[in-house]
Amino acid sequence: MNKMKIAIAGANGRMGHMLIEAVLKAEDAILTGALDASNSPGLGNDAGMFLGEKTGVPIVSDMNKAFRDAEYVIDFTRPAGTLEHLAYCAAHQIKMIIGTTGFDENGKKAIAAASTSIPVVFAPNMSVGVNVTMKLLEIAAKNFAEGYDIEVIEAHHRHKVDAPSGTALKMGEVIAKAIGRDLGECAIYAREGITGERDPSTIGFSTIRGGDIVGDHTVLFAGTGERIEITHKSASRATYAQGSLRAARFLTDKTSGLFDMQDVLHLK
Ligand SMILES: NC(=O)C1=CN([C@@H]2O[C@H](COP(=O)(O)OP(=O)(O)OC[C@H]3O[C@@H](n4cnc5c(N)ncnc54)[C@H](OP(=O)(O)O)[C@@H]3O)[C@@H](O)[C@H]2O)C=CC1
Ligand SMILES: O=C(O)C1=N[C@H](C(=O)O)C[C@H](O)C1
């Protein structure tokens, strides 16, 4: 069997650890490199050290070393880092799976541009459950377009640096598209003081940060005399790592193109 040669960017991070563990356990994958930031405390350590395993793959900050033998880079870092890795991968024909969130419009355009020369899976949430939930939201939104107020509520751990989460924003986009609204025009990200009554055409977002919450997302459709809540809760980051490996397998026969987890899971 030809094993997928995978390098992990963000190797010393929360997702980096889950991804390294998943790659080491997968029969069809081999860990060929591990990258982290130049100031990472993990630099020089064996990538499997946190598991008590010796992989022979050190964590380095030099892309030439970390990505040299890779066919795939799985990147869960920060937007600035991901965009540097993307440029390298595009120049060296390495397939990318991008889980990083918090990109601005220019960052998203750069990813789309790179995907004309390499295949990229770019998704704010790699879990099967969240992506099936997106489909449920599409159906629900079409039926609750009138007479129901729509609110997206998300909760994450205290270390998360972007808000709302990439998943919450994607949920908002899916809902807005389903009911013919433009999220850029109808999203409300904060409320304080005398806000006036709720504008029924808006989609509201609420963010909770605390403790070690892995990732909870609820969409509330609040009508007259009833409320519908569609909720997904992650209990472990393993689900994102397994989804990332599915995304890599999906890219095996691709030479270019921008894909998301709806493509990977055949949900479109
Ligand atoms: N799509 C999905 O399914 C999921 C997406 N995410 C997203 O993944 C990203 C990472 O999350 P998480 O693992 O919790 O975060 P962590 O902070 O735990 O890990 C990020 C890692 O990337 C490193 N890093 C930061 N900048 C660079 C850079 N320029 N080059 C190389 N490495 C860099 C960090 O190093 P240092 O700490 O030294 O700065 C750290 O080791 C976030 O954007 C998060 O929202 C998370 C879970 C699921
Ligand atoms: O930072 C996280 O932890 C997560 N980030 C992603 C997001 O922003 O949606 C996915 C998941 O919710 C965990």
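Reader: At which residues does UniProt place the feature "domain: Dihydrodipicolinate reductase N-terminal"?

Author: The model discussed here is predicted, whereas the feature name is taken from an unreviewed UniProt entry. Over the stretch in question the chain is 33% helix and 22% strand, with its end C-alpha atoms 18 Å apart. The record places this feature at residues 4–126.

Reader: How many residues of domain 1 are in contact with domain 2?

Author: The domain assignment gives domain 1 as 4–126 + 237–265 and domain 2 as 148–223, and 28 Å separate their centres, taken over C-alpha atoms. By class, the side of domain 1 that touches domain 2 has one nonpolar, three polar and one charged residues. On the other side of this contact are six residues of domain 2, and the number from domain 1 is five.

Reader: From which domains does the shell around ligand 2 draw at least three residues each?

Author: Ligand 2 is surrounded by a set of residues that includes Thr101, Pro124 and Asn125 as well as His156, Lys160, Ser165, Gly166, Thr167 and Gly215. By class, this shell has one nonpolar, seven polar and one charged residues. The domains that each give at least three residues to the shell are domain 1 (4–126 + 237–265) and domain 2 (148–223).

Reader: Which helix gives the most to the shell around ligand 1?

Author: There are 27 residues around ligand 1, of which Gly10, Gly13, Met15, Gly81 and Gly99 come nearest. The elements that give two or more residues to this shell are helix 1 (14–25) and helix 3 (79–92). By class, the shell has ten nonpolar, 14 polar and three charged residues. The largest contribution, three residues, comes from helix 1.

Reader: At roughly what angle do the axes of helix 5 and helix 6 cross?

Author: Two packed helices are described by the angle between their axes together with the distance between those axes. For helix 5 (residues 128–143) and helix 6 (residues 166–178), the axes come within 8 Å, and the crossing is right-handed. The angle at which these axes cross is roughly 35°.

Reader: Which residues of helix 6 meet helix 5?

Author: By class, the contact of helix 5 with helix 6 has eight nonpolar, one polar and three charged residues. Helix 5 brings Val130, Met134, Leu137, Glu138, Ala141 and Lys142 to this contact, and the residues they meet in helix 6 are Thr167, Lys170, Met171, Val174, Ile175 and Ala178.

Reader: Is the peptide bond from Ala163 to Pro164 cis or trans?

Author: Pro164 lies in the loop between strand 7 (149–156) and helix 6. The bond that leads from Ala163 to Pro164 has omega near -15°, and its form is cis.

Reader: What is the value of phi near Gln93 in the model?

Author: Gln93 lies in the loop between helix 3 and strand 5 (95–98). Its phi is positive, in a residue other than glycine, and the value is near 55°.

Note on methods
Residues numbered from 1 in each chain as written. Chains lettered and ligands numbered in written order. Predicted model: local features only at pLDDT ≥ 70, side-chain atom pairs only at ≥ 80, totals over all residues. UniProt positions renumbered as here; feature names shortened; annotations may be inferred. Helix = DSSP H or I, 4+ residues; strand = E, 2+ residues; numbered from the N terminus. Near = placed C-beta within 6 Å. Nonpolar A, V, L, I, M, F, W, Y, C, P; charged D, E, K, R; others polar. Domains from an automatic or database assignment. Axes fitted to C-alpha atoms, helices over the stretch in contact; angles between N-to-C directions. Left-handed = near helix turned anticlockwise from the far one by under 90°. Contact = placed C-beta atoms within 7 Å.
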